[in-house]
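Open the model in your viewer, pick a cartoon view with side chains on demand, and follow along stop by stop. Each stop says what to select and what you will find there.

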Amino acid sequence: MLRNKVPEVTALFWVAKVLTTAMGETTSDFLVHQIDPPVAVAGAALVLAVALVLQFAVRRYISWVYWFAVLMVAVFGTMVADVIHVQFGVPYLVSTTAFLVILAAVFALWYGTQRTLSVHTIDTRPREFFYWAAVMTTFALGTAVGDLTAVTFGLGYLASGLVFLVLFALPGAAYRWWGLGGTAAFWMSYVLTRPFGASISDWLAVSHARHGLGFGTGQVSLVLFAAIVIVVAFSGSRRKQQGLRAGQTHRKASAPPQPE
C-alpha cells in the first residue's frame, strides 16, 4: 500500500494547476515553432516518460516530482491535441468529442475496478495508473475545447478564458451550496482549468493580429515557470511545517504526565 500520492486540494493546488496548464500551452507552441515538430513531440514524450517513471517510483507525494509530471503532461497533451488538428486536419469539435469519450471510458474502467474516483485514495498502483490516464486525457480534452471556443466558435482567447473561468468556478459553488459530490466537482473543475489557463496564456502570448498581447510564447513560458516554482516551493514548505506541527502535537499528547 502506498501513501496517497496526490496533493491536498487547496487554493494553492488550483493555482499551481492553472499555471501548469498555461505553461503547457505556451511551451508546446514555442517548442514546435523552434524545433522540427516531430523532434519536439518525441522529445516531450521522452521527458514525460522520465517524469512519470519518477512519479511512480516514489512511494509518497513529493511536490516537485508530482508537479514536474503534471507540467510534462500539460506540454505533451497540448502537442497531441494540436498535432491531431494541424497535421491530420481533424476538426476541434471531432477531437473534443473523441477525448470526451476516452475520458468517460477511463473513468468507467477506474470506477468499475476500484469502486471510487476519489483523488484522496491514490494509494495503489492501479489507482495511480488510472489517475494519470485521466490527467493526460483531461489535458488533451481541455486543449481541444479551448481551441474549439477560441478559434472554431470565434470567441478569441480572452473571451474564452473568461468563459472558462466562470465555468471553472461553478462546480466549486455547486459543491459548496447545491449538494454536488466532491469527486464530481473536483474532476469537472480539473478539466476546466485546462482551457481556462491555456486561453489566458495564449492571449498573453499571441500577436496583436490574433487579438493577443504579443508577449511571445517563450517569454510567457519563462514567467509562468518562475511562478510555478514559487507556488510549488511555498506549498511544499507549508506542507512540511504542517507536518512538523502535527508531529509536535502528537508527541505532546503521547508524553507521560509530569510529576507535580
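**Stop 1: the enclosed space between helices**

Start inside the protein. H5 and H7 each give at least two residues to the lining of the largest cavity. Keep in mind as you look that this is a predicted model. To see the whole lining, select Glu25, Gly142, Thr143, Gly146, Asp147, Tyr157, Pro195, Ala198, Ser199 and Asp202. Colour the selection by residue type and you get three nonpolar, four polar and three charged residues. The volume of this largest cavity is about 40 Å³. How many cavities of 30 Å³ or more does a search of the whole structure find? The search finds one.

**Stop 2: Thr143, on the cavity wall**

Stay with one of those lining residues, Thr143, and centre the view on it. Thr143 sits in helix H5. Is Thr143 buried or exposed? Its relative accessible area is 1%, and because buried means under 20%, Thr143 counts as buried. Now show Arg194 as sticks: the side chains of Thr143 and Arg194 make a polar contact at 2.9 Å. Setting aside residues within four places in sequence, the contacts of Thr143 are Glu25, Gly77, Thr78, Ala81, Asp82 and Arg194. For a distance label, try Phe99: its C-alpha lies 10 Å from that of Thr143, with their positions 44 residues apart along the chain.

**Stop 3: the largest pocket**

One of the contacts of Thr143, Asp82, leads to the next stop. Asp82 is among the residues nearest the centre of the largest pocket, together with Asp29, Val32, His33 and Val86. Select these five as your starting point; the lining of this pocket has 22 residues in total. Five helices each give two or more residues to it: H1 (11–34), H2 (37–57), H3 (63–86), H5 (125–152) and H7 (182–205). The volume of the pocket is about 480 Å³. By residue class, its lining holds 11 nonpolar, five polar and six charged residues.

**Stop 4: Thr96, where H4 meets H5**

Next, select Thr96, which is in helix H4. With 11% relative accessibility, Thr96 counts as buried. Which residues does Thr96 touch, apart from those up to four places away in sequence? They are Leu141, Ala144, Val145 and Leu148. Add a C-alpha distance to Ala140 as well: the two residues are 44 apart along the chain, and their C-alpha atoms are separated by 8.4 Å.

**Stop 5: the end of H4 and the loop after it**

Follow helix H4 (residues 92–114) along to Tyr111. Tyr111 is partly exposed, at 40% relative accessibility. Beyond its neighbours up to four places away in sequence, Tyr111 touches Thr116 and Leu117. Arg127 is 16 residues from Tyr111 in sequence, and the two C-alpha atoms are 9.5 Å apart.

Step on to Arg115, in the loop between H4 and H5. What is phi of Arg115 near? Phi is near 60 degrees, a positive value in a residue other than glycine. Arg115 is exposed, with a relative accessible area of 55%.

Thr116 is in the loop between H4 and H5 too, but it is buried, at 17% relative accessible area. Show the backbone here: the side chain of Thr116 reaches the backbone nitrogen of Ser118 at 3.0 Å. Farther than four places along the sequence, Thr116 touches Trp110, Tyr111, Thr121 and Arg127.

**Stop 6: His211 and the last helix**

Now jump to the loop between H7 and helix H8 (217–254), and select His211. This is another non-glycine residue with a positive phi, near 65 degrees. His211 counts as exposed, at 64% relative accessibility.

**Last stop: colour by confidence**

Finish by colouring the chain by pLDDT. The mean is 88, and 91% of the residues reach 70 or more. Where does pLDDT stay under 50? Select residues 246–251; the model has zero contacts for them beyond four places in sequence. Where pLDDT is low, the predicted coordinates should not be read in detail.

How values were computed. Residues numbered from 1 in each chain as written. Predicted model: local features only at pLDDT ≥ 70, side-chain atom pairs only at ≥ 80, totals over all residues. Heavy atoms only, no water. pLDDT = per-residue confidence, 0-100. Contact = heavy atoms within 4.5 Å. 1 Å grid on protein atoms, 1.4 Å probe; cavity = no way out; pocket = protein on both sides within 12 Å on 5 of 7 lines; lining within 4 Å. Points joined across faces, edges and corners; volume = space filled by probe spheres on them. Helix = DSSP H or I, 4+ residues; strand = E, 2+ residues; numbered from the N terminus. Nonpolar A, V, L, I, M, F, W, Y, C, P; charged D, E, K, R; others polar. Buried < 20%, exposed > 50% of the residue type's maximum accessible area, 1.4 Å probe, protein only. Polar contact = N/O pair within 3.5 Å; in protein donor to acceptor, adjacent residues only side chain to side chain.
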